[in-house]
Protein chains: 2
Amino acid sequence: MQKKKIVVLGCGFGGLSFVKACKGLGDAADILVVDKQNHHLFQPLLYQVAMAGLSAPEVSEPIRSIFRRRREVRTVMDTAEAVDLALREVTLSIGGVERYDYLVVALGGTTSYFGNDAWAEDAPGLKSLDDAMRVRRGVLTSFELAEAIDDDRRRKELITVVVIGGGATGVELAGAMAELAKRVFRRDFREIDPTDARVVLVDGGDRLLSAFPESLSASALRQLESLGVEVRLNTRVDAIDGRGVDLSDGSRIDAANVLWGGGVQAPAITRTLGIELGPGGRVVVGPDLSVPGHPGVFVIGDIADATMPDGTKAPGLAPAAMQMGRQVAKVIRKEVKRGEGIGEPGERPVFRYKDKGTMATIGRSRAIAWVGPLKLSGFFAWLAWLVVHLLLLIGFRNKVVVLVQWFYSYVSFRRGARIIFGRANETLARRAETGDPRCENPEQTEKR
Amino acid sequence: MQKKKIVVLGCGFGGLSFVKACKGLGDAADILVVDKQNHHLFQPLLYQVAMAGLSAPEVSEPIRSIFRRRREVRTVMDTAEAVDLALREVTLSIGGVERYDYLVVALGGTTSYFGNDAWAEDAPGLKSLDDAMRVRRGVLTSFELAEAIDDDRRRKELITVVVIGGGATGVELAGAMAELAKRVFRRDFREIDPTDARVVLVDGGDRLLSAFPESLSASALRQLESLGVEVRLNTRVDAIDGRGVDLSDGSRIDAANVLWGGGVQAPAITRTLGIELGPGGRVVVGPDLSVPGHPGVFVIGDIADATMPDGTKAPGLAPAAMQMGRQVAKVIRKEVKRGEGIGEPGERPVFRYKDKGTMATIGRSRAIAWVGPLKLSGFFAWLAWLVVHLLLLIGFRNKVVVLVQWFYSYVSFRRGARIIFGRANETLARRAETGDPRCENPEQTEKR
């Protein structure tokens with residue numbers, strides 16, 4: 001029996017679950033994991049890194065460390081540039097061309113600015129550790145600058161944060177930012193009063209977290225407002241220019257930090273496949289998650305456009321990506337072990353997303369959770385969120401540290417990771433000179 | 001009684017100890033702390049951040065958080081550009097001009113390349129978190145690249161690290177690097193054998209750690225060699241060029257990462273004082289640590305050139321900086337409380353450094369310690385080092401986390417912070433294109 005070659009692009013929740021569930025193939029297959037980062041990222045806690053509650057290594061784990069005992073798994077930090085479905089080849093930036101028998105594309109989404117890509121410069125999204133560090137550096141540096149200068153108008157601008165998008169990311173960022181400013185910073189500053197800090201959450205729809213029932217959206221709104229967040233619904237962004245935003249109601253908010261909690265789109269590589277793409281560049285897959293006409297190629301996670309038997313689409317959530325990864329692993333394991341080559345899509349099980357509940361956290365003791373008929377909000381929803389996320393972290397080496405850290409934050413209202421690095425001082429100096437408070441690209445000026 | 005204004009430049013061990021020991025002045029004085037970073041850095045553990053054993057927030061604490069309960073202390077993240085001793089004024093980059101009654105200059109040293117400042121680009125020093133992150137990123141990315149490419153000569157270059165300088169920093173870096181490569185990475189890589197990794201420590205003198213007795217230097221050498229470090233004594237560096245080093249014995253070492261554990265010099269601001277400077281730009285101070293002719297101005301820590309009554313110089317060590325800070329605080333407290341203005345240097349106590357022992361760590365269970373007549377090496381020296389550093393961390397919020405982390409590393413030989421961020425992928429891609437393996441300035445290419 002010839003050894004099969006399985007190539008996995010991306011090691012987020014989908015790719016990681018796939019490779020974990022492929023365990024036990026032993027000598028029957030080689031697995032190559034390709035990721036542009038050296039780590040798997042625990043994305044649900046990324047907003048905590050951005051808001052200085054956790055450090056980067058606490059929410060990430062080196063991929064090759066996760067698979068260290070799996071001799072059949074090879075990991076490379078590299079980027080896939082193109083996939084040739086006819087030749088069954090992936091072209092990597094560094095490693096050259098890799099042939100595959102099975103290909104699992106699990107690349108995850110990138111931030112979508114809905115056609116306004118220029119906004120990326122002034123309104124960072126939140127997809128990677130670099131994004132999170134950029135947000136953290138921008139926010140912390142602005143407050144430091146506000147303390148050092150002597151100009152009330154600019155100070156106001158420096159301690160204003162606008163969050164765009166009322167989905168889970170936007171709500172989490174806005175809530176954590178309000179807590180950071182109004183509770184954590186409260187006793188730390190002398191010249192500025194951090195309770196003057198303004199956090200504005202802007203969304204084009206008529207309610208927050210529109211994937212949840214209306215009563216929970218309303219509760220999320222109340223909980224955010226109780227933290228002091230100004231929520232502007234039915235409001236779109238017309239322009240972002242590095243010193244603030246222009247809104248569709250004609251108003252302008254001057255803000256040193258504008259954070260993008262907006263949309264998701266598939267990375268450019270999906271366009272090299274030469275096949276049908278759905279909204280946002282997602283790959284339209286069959287009921288078994290394979291690409292039509294290419295039974296050895298699967299697309300899972302946020303970039304899969306998967307329609308389930310009941311006509312609904314699989315959601316872009318971590319649990320869906322994990323379920324997809326496990327299901328595809330089951331299919332491939334079975335076919336590899338059978339040894340008769342790549343199977344027929346029609347003979348494979350149909351993917352169905354099992355909804356075990358969704359939740360969004362707003363702040364300390366504040367959250368909403370929706371589990372079937374059960375709708376929770378406030379403290380108990382937050383407790384549920386905490387328990388679920390700690391359980392999800394199991395297997396992850398960081399769980400003890402994260403628990404200690406969180407518990408500490410909980411009782412003390414301090415933040416462990418309020419450390420600015422990445423050329424903070426050069427940024428600060430340049431801002432003082434130019435009067436430009438924006439938080440973009442401090443690294444560009446690095447010169448030793 | 002008029003309120004006094006105390007300005008402190010720098011919040012390393014010297015500045016921090018000074019401000020802590022000034023407690024209780026209440027309404028009698030205002031204290032302004034100026035630091036170019038927003039955090040105090042626990043420098044003795046910085047090499048652990050560089051070698052991915054600890055995360056940045058675990059060895060640092062926001063300065064304004066340390067002083068949050070001290071209403072008389074104001075903190076600004078800013079840089080002093082010049083000091084006018086005659087007018088008693090400090091000019092800050094952002095905050096403008098600040099007048100002082102007392103000035104405490106505790107800026108700490110910067111990396112000295114002994115006149116070869118161009119080497120800074122290819123051989124990072126280890127003074128700040130940015131330095132440590134740069135070293136970490138360079139080393140981790142090189143190993144990742146070595147795994148991804150298919151070229152034996154370049155691979156060898158990528159997994160070679162040269163450390164320059166056989167003082168405490170150089171020894172700690174070399175030991176930790178050898179452990180990282182030969183133990184931590186051992187099971188993680190497939191294409192490269194991390195035990196092939198080469199760590200070379202170069203020093204111009206005839207023994208390592210020349211501040212210690214000869215028997216301990218010899219022990220440190222043996223302990224390093226037992227970790228697989230190649231030590232080259234009596235060897236100077238002639239050139240560093242980004243792909244390796246040329247040595248004074250005519251040999252050449254190709255290495256993607258060259259780390260500088262070399263000298264220390266005073267920052268440029270000391271030259272604005274218009275007074276006598278000692279070797280390395282240090283400020284020559286009187287027996288009371290004040291600047292001759294300016295009894296209200298004190299210089300403490302690494303940038304003070306202080307001669308003690310027995311004719312020896314105070315060493316550039318954290319304990320010396322802390323003792324200086326406490327002594328100066330005592331003097332200023334007394335004079336402020338007495339309310340008769342700035343005192344006479346001749347009436348103040350003379351500074352004497354109390355040596356409570358020095359130690360250097362080499363790796364897990366490997367260290368040397370010298371406490372009066374006691375000379376320890378190996379496991380017990382390491383245990384002593386561990387206890388002392390954990391005790392020093394007390395007061396620091398991170399102690400529990402650091403303890404957990406260390407204990408975990410100790411039992412598992414894994415490293416918690418092996419996470420690459422800061423535009424790692426762009427660097428990697430550029431390296432693959434240009435064939436240039438150096439680890440410098442990945443941020444310069446950042447473009448979103």
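Reader: How many bridges pair strand E23 and E24 of chain B, and in which sense?
Author: This is a predicted model, so local features need pLDDT of at least 70, side-chain atom pairs count only at pLDDT 80 or more, and totals for chains, interfaces and linings use all residues. Residues are numbered from 1 along each chain as its sequence is written, with chains lettered from A and ligands numbered from 1 in the order in which they are written. Strands (E, at least two residues) and helices (H or I, at least four) are DSSP runs numbered from the N terminus, and two strands pair if DSSP finds at least two bridges between them. Strand E23 covers residues 358-363, and its pairing with E24(B) is antiparallel, over 5 bridges.

Reader: Which residue of E24(B) is the bridge partner of B:Thr361?
Author: E23(B) and E24(B) form a hairpin with 2 residues between the strands, where B:Ser365 has a positive phi near 65 degrees. Opposite B:Thr361, in E24(B), you'll find B:Ala367.

Reader: And on to E25(B): which residue there stands opposite B:Trp370?
Author: E24(B) also pairs with strand E25 (residues 374-377), antiparallel over 4 bridges. That hairpin has 2 residues between the strands too, and B:Gly372 takes a positive phi near 55 degrees. Facing B:Trp370 in E25(B) is B:Lys375.

Reader: Why is strand E24 of chain B largely enclosed by the rest of the structure?
Author: Buried means that 20 or more other C-beta atoms, placed from the backbone, lie within 10 Å of a residue's own (exposed is 12 or fewer, partly exposed in between). E24(B) spans residues 366-371, and it is largely enclosed because its buried residues number 5 of the 6.

Reader: Which residues touch the most other members of the largest nonpolar core?
Author: A nonpolar core is a set of buried Ala, Val, Leu, Ile, Met, Phe, Trp, Tyr and Cys residues joined through C-beta atoms within 7 Å. Contact also means C-beta atoms, placed from the backbone, within 7 Å. Leaving out residues up to four places away in sequence, B:Val8 touches B:Phe18, B:Ile31 and B:Val104, among others. In the largest core, with 275 residues, the top spots go to A:Val8 and B:Val8.

Reader: Over in chain A, what is the strand order of the open sheet of 3 strands?
Author: Its edge strands, each pairing on one side only, are E14 (237-240) and E16 (252-254). Strand E15 (residues 244-247) is joined to E16(A) by 3 bridges, running antiparallel, with A:Gly244 opposite A:Asp254. The pairing in this sheet is antiparallel, and the order is E14-E15-E16.

How values were computed
Contact = placed C-beta atoms within 7 Å.
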